[in-house]
Amino acid sequence: SDFVMTLSALNINSKLNYKVDVKCFDTIDSTNSEAKRNSHKLTDTPLLFVADSQTAGRGRLGRSFYSQKDTGLYMSLMLKAKDDIKDIVCMTTAVSVCVTDAIKTLCGIDAKIKWVNDIYIDSKKVCGILCEAVTDETTSKIKGIIIGIGVNISTTDFPDELINIASSLGQAIDKNHLCALITDNIISMYENI
């Protein structure tokens, strides 16, 4: 669609302030699931998985996240866990702030955070966040954190059950730029946590 530039690792990297290993997909089951499958590759360099559409996008409490092709940004950032990271809920809240800041910077829209992982504009959900821990199989220690974010950018065609509760940013923006801004905000926040 002409509405939003196609995602590309090259484009995202060119806008990032931090070194991030970016993997782009046309379609994927879920970027969080892909991050989990790659958790053995976790190093000090954050891994970012981005897709134009998801066939099995996931939300909190096992809910699904509607991920229409080409109209949204579906991303998961995987970071190496810090020794003192115990609270994924705090992480989710901090990430919500990172996302609303990026939306404000790029779109000039003041989005609101609804406890704990949804972002709203005009009382309708435009973004969902799902943070998950990756644990070491032998020690059960948290070794990584996966931050999944789904943003409806130009989605208008929602299923009936979402029509009254979901919306989108409704602006022609560069998805790569939004992705890079959100990623930079999260890494910067995480470094200073």
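**Cysteines**

I looked up Cys127 and found it buried, with a relative accessible area of 0%. Buried is used here for under 20% relative accessible area and exposed for over 50%, with partly exposed in between (1.4 Å probe, protein chains only). The model is a predicted one, in which local features need pLDDT of at least 70 and side-chain atom pairs count only at pLDDT 80 or more, while totals for chains, interfaces and linings use all residues. Residues are numbered from 1 along each chain as its sequence is written, and side-chain values use heavy atoms, with hydrogens and water left out.

I then looked for disulfides, that is, pairs of cysteine sulfur atoms within 2.5 Å. The structure holds zero of them. Cys127 is in no disulfide, and the nearest cysteine sulfur, in Cys131, is 11 Å away. For Cys98 the closest cysteine sulfur is also that of Cys131, at 9.9 Å, which is too far for a bond. I noted Cys98 as buried, at a relative accessible area of 5%.

**Helix α4**

Next I checked the length of α4, which covers residues 175–191. Helices (H or I, at least four residues) and strands (E, at least two) are DSSP runs, numbered from the N terminus. The expected span is 1.5 Å times one less than the number of residues. For the 17 residues of α4 that should give 24 Å, and the end C-alpha atoms are 24 Å apart, so the two agree.

I asked how many of the residues of α4 are buried. The count is 13 of 17, so I entered the helix as mostly covered.

At the N-terminal end of α4 I found Asp174 as the cap. One of its side-chain oxygens lies 2.9 Å from the backbone nitrogen of Asn176. A polar contact is a pair of N or O atoms within 3.5 Å; within protein, one must be able to donate a hydrogen and the other to accept it, and residues adjacent in sequence count only if both atoms are side-chain atoms.

I also looked up Ser168, in the loop between β7 (142–152) and α4. Ser168 is buried, with a relative accessible area of 12%. Its C-alpha atom is 21 Å from that of Ala94, 74 residues apart along the chain.

**Second largest pocket**

I took the second largest pocket next; its volume is about 170 Å³. On a 1 Å grid over the protein atoms alone, a pocket is an open set of points with protein on both sides within 12 Å along at least five of seven lines, and lining residues have an atom within 4 Å of a point. Grid points are joined across faces, edges and corners, and a volume is the space filled by probe spheres set on the points.

The lining is made up of Tyr18, Lys19, Asp44, Pro46, Leu79, Lys80, Lys82, Ile187, Tyr190 and Glu191. The elements that give two or more residues to this lining are β3 (72–80) and α4. α4 gives the most, with three residues.

I sorted the lining by class and got five nonpolar residues, no polar ones and five charged. Ala, Val, Leu, Ile, Met, Phe, Trp, Tyr, Cys and Pro count as nonpolar, Asp, Glu, Lys and Arg as charged, and the others, Gly among them, as polar.

**Helix α2**

Thr31 is in α2, residues 31–37, and counts as buried at 2% relative accessibility. I found its C-alpha atom 7.5 Å from that of Gln54, 23 residues apart along the chain.

Asn32 lies in α2 as well and is buried at 5%. The C-alpha atoms of Asn32 and Ile146 are separated by 6.7 Å, with their positions 114 residues apart along the chain.

**Positive phi**

I noted Asp122, not a glycine, with a positive phi of about 50°. Asp122 lies in the loop between β5 (118–121) and β6 (124–135) and is exposed at 71% relative accessibility.

Ser140, not a glycine either, has a positive phi of about 65°. Ser140 is in the loop between β6 and β7. Buried or exposed? I entered Ser140 as exposed, at 56% relative accessibility.

Key:
1 Å grid on protein atoms, 1.4 Å probe; cavity = no way out; pocket = protein on both sides within 12 Å on 5 of 7 lines; lining within 4 Å.
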